[in-house]
2 protein chains.
Amino acid sequence: MQKTDLIQQIKAKKSFLCIGLDTDITKIPAHLLAQPDPIFAFNKEIIDATADLCVAYKPNLAFYESMGAAGWESLRKTMEYIPSHCFTIADAKRGDIGNTSSMYAKTFFDPTAAGLNFDSVTVAPYMGSDSVTPFFAYENKWVILLALTSNEGAKDFQFDAFENGEKVFERVLTKSSQWGTDQNMMYVVGATRGEAFAAIRRLVPEHFLLVPGVGAQGGSLAEVCKFGINKDCGLLVNSSRAIIYASNSNDFANQARAAALLVQQEMEEILKSNGIV
Amino acid sequence: MQKTDLIQQIKAKKSFLCIGLDTDITKIPAHLLAQPDPIFAFNKEIIDATADLCVAYKPNLAFYESMGAAGWESLRKTMEYIPSHCFTIADAKRGDIGNTSSMYAKTFFDPTAAGLNFDSVTVAPYMGSDSVTPFFAYENKWVILLALTSNEGAKDFQFDAFENGEKVFERVLTKSSQWGTDQNMMYVVGATRGEAFAAIRRLVPEHFLLVPGVGAQGGSLAEVCKFGINKDCGLLVNSSRAIIYASNSNDFANQARAAALLVQQEMEEILKSNGIV
């Protein structure tokens with residue numbers, strides 16, 4: 001998906017919600033366990049109930065891999081089922097030497113390889129440019145690079161300052177934004193880092209930011225948008241557990257829709273007050 | 001596998017060779033393509049031909065994932081086939097927020113999950129302590145954390161210096177060595193970084209180092225050992241392409257053995273001259 005198409009979807013749906021499909025066999029409603037593929041059955045109902053309220057879905061690869069080959073098949077079916085008007089993110093945190101990153105790019109972007117046709121993949125920056133650039137070989141596909149993450153451990157390295165005073169996450173933004181463009185790169189910036197959004201927007205004013213950490217991790221949507229929003233919106237705000245596990249009953253999909261609708265309505269107000277819709 | 005068992009294997013086999021199973025369907029001998037599972041058929045012959053010459057195998061996850069569910073099944077069969085006297089490394093470069101890293105740990109370490117029972121997994125340090133510590137929940141399992149990688153892009157961030165003069169890879173070693181011990185952590189240090197081994201050994205004298213980059217990437221075994229070896233050996237030196245693709249003919253397994261034997265013989269001399277065997 002191209003950037004212009006994503007912006008168009010945000011305006012049409014009045015939403016910049018990304019729903020994280022962290023689908024865990026131990027957390028889904030019990031009645032689904034009788035299905036031949038409970039993970040896919042759960043995802044299908046969630047997608048049916050929410051696809052008009054969100055602009056993106058983000059399957060978390062760990063949850064599928066933990067079920068081995070069967071999990072990869074559930075992922076493939078889920079990807080096939082997601083409507084083409086939704087942007088898709090393989091939340092995989094990959095990154096390796098060039099020839100290996102090329103294989104990861106093939107995995108997620110080339111449908112003739114693993115049967116997957118993601119729009120984007122999350123990548124870790126530690127190994128530098130040649131671990132990232134192989135993903136750009138695929139047209140209209142995106143790298144979403146970790147910049148400032150939502151977890152406690154982000155404080156271990158990401159805020160540390162170099163000799164020139166620049167912080168690690170700032171140098172990641174500055175250097176890596178030369179490797180690609182705002183048409184094929186986004187950045188992960190945790191919602192729990194509200195105070196850093198202003199600094200980040202000075203470095204990457206045009207790039208989309210993928211923002212996890214609203215919901216179960218405690219980040220505030222209003223705080224994120226105050227400094228993070230740009231003229232195109234420029235934000236994909238993710239919620240996983242707070243939406244997909246809104247209820248554990250037979251009625252889980254309706255409850256997930258209700259939770260997503262609350263977020264979408266808050267987003268619509270923000271988009272309106274910023275003159276985007 | 002415990003550290004004492006690994007050291008015992010090194011002494012018994014007079015080898016600290018790790019063979020990288022970067023098995024690529026486009027590079028294996030053509031006659032194997034008629035097999036029901038060509039990737040497993042290739043790995044099986046490589047393992048049969050080399051298991052007495054190496055102490056570890058390192059499947060590179062990207063190559064298996066690029067074949068989707070079928071690739072994960074090839075990986076599972078390969079893991080089941082590797083003899084228990086060989087240490088196993090999931091070269092996956094994972095790392096995410098705590099609950100997701102827990103799922104990755106389950107994937108690679110809990111055989112009832114994805115059918116995999118790896119001894120270790122490679123992890124990227126960017127997200128800090130809570131992305132690493134969930135892997136320690138499994139006894140006798142290891143995190144192999146990226147410190148200084150063998151690729152060109154390593155120069156983008158890993159050598160940069162903080163305000164106190166400490167380089168990024170040095171801070172990764174210093175901080176992370178507090179999260180685990182030399183009984184459950186190793187570090188990736190590229191063979192192309194010979195000059196850095198002395199500095200690294202001052203910071204982590206006891207830890208095992210996994211050393212990629214000998215062979216196709218141009219690193220020198222003698223250079224690595226000069227500063228990297230410790231009283232227990234403390235090194236697992238990986239070679240992937242130079243061994244498994246030594247030949248593309250029907251005779252590929254014998255050629256792989258011949259290539260592995262040359263490395264093992266060089267290693268035996270090094271172990272002898274350091275008084276380890």
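# Two chains, a barrel and a shared interface

Two bridges join strand 2 (residues 56–59) of chain A to strand 3 (residues 87–94) of chain A, and these two strands run parallel. The model is predicted. In chain A, eight strands close into a barrel. Chain B superposes on chain A after a rotation of 180 degrees.

**The barrel of chain A**

- The barrel of chain A follows the strand order 1-2-3-4-5-6-7-8. Its pairing is parallel.
- On average, neighbouring strands of this sheet are turned by 30 degrees against each other, direction ignored.
- One residue pair can be named between strands 2 and 3 of chain A: A:A56 has A:F87, in strand 3, as its bridge partner.
- Helix 13 (residues 252–273) of chain A packs on the sheet. This helix touches strand 1 (17–21) and strand 8 (235–239) of chain A. The direction of helix 13 makes about 155 degrees with that of strand 1 of chain A.

**How the two chains are related**

- Two copies of a chain are related by a rotation about an axis and a shift along it.
- Here the rotation is 180 degrees, and the shift along the axis is 0.0 Å. The superposition of chain B on chain A has an RMSD of 0.0 Å. That is the relation of a two-fold axis.

**The interface**

- The copies meet through the same surface, because 100% of the interface residues of chain B are also interface residues in chain A.
- Chain B gives 49 residues to the contact, and chain A gives 49 residues.
- Several elements of chain B each supply at least two residues of the side that touches chain A, among them helix 3 (61–65), helix 4 (68–81), strand 3 (87–94) and helix 8 (168–176).
- Helix 5 of chain B provides the largest share of that side, six residues.
- By class, the side of chain B that touches chain A has 19 nonpolar, 15 polar and 15 charged residues.

**A helix pair in chain B**

- Two packed helices are described by the angle between their axes and the distance between the axes.
- The axes of helix 2 (residues 38–50) and helix 4 of chain B come within 9 Å and cross at roughly 20 degrees. Angles under 35 degrees count as roughly parallel, so helix 2 of chain B is roughly parallel to helix 4 of chain B.
- The crossing of helix 2 and helix 4 of chain B is right-handed.
- From helix 2 of chain B, B:I39, B:F40, B:N43, B:K44 and B:I47 make the contact. From helix 4 of chain B come B:G71, B:S74, B:K77, B:T78 and B:Y81.
- This contact between helix 2 and helix 4 of chain B has four nonpolar, four polar and two charged residues.

How values were computed
Residues numbered from 1 in each chain as written. Chains lettered and ligands numbered in written order. Predicted model: local features only at pLDDT ≥ 70, side-chain atom pairs only at ≥ 80, totals over all residues. Least-squares fit on C-alpha atoms with pLDDT ≥ 70 in both. Contact = placed C-beta atoms within 7 Å. Helix = DSSP H or I, 4+ residues; strand = E, 2+ residues; numbered from the N terminus. Nonpolar A, V, L, I, M, F, W, Y, C, P; charged D, E, K, R; others polar. Pairing = 2+ DSSP bridges. Axes fitted to C-alpha atoms, helices over the stretch in contact; angles between N-to-C directions. Parallel < 35°, antiparallel > 145°, perpendicular 65-115°, else oblique. Left-handed = near helix turned anticlockwise from the far one by under 90°.
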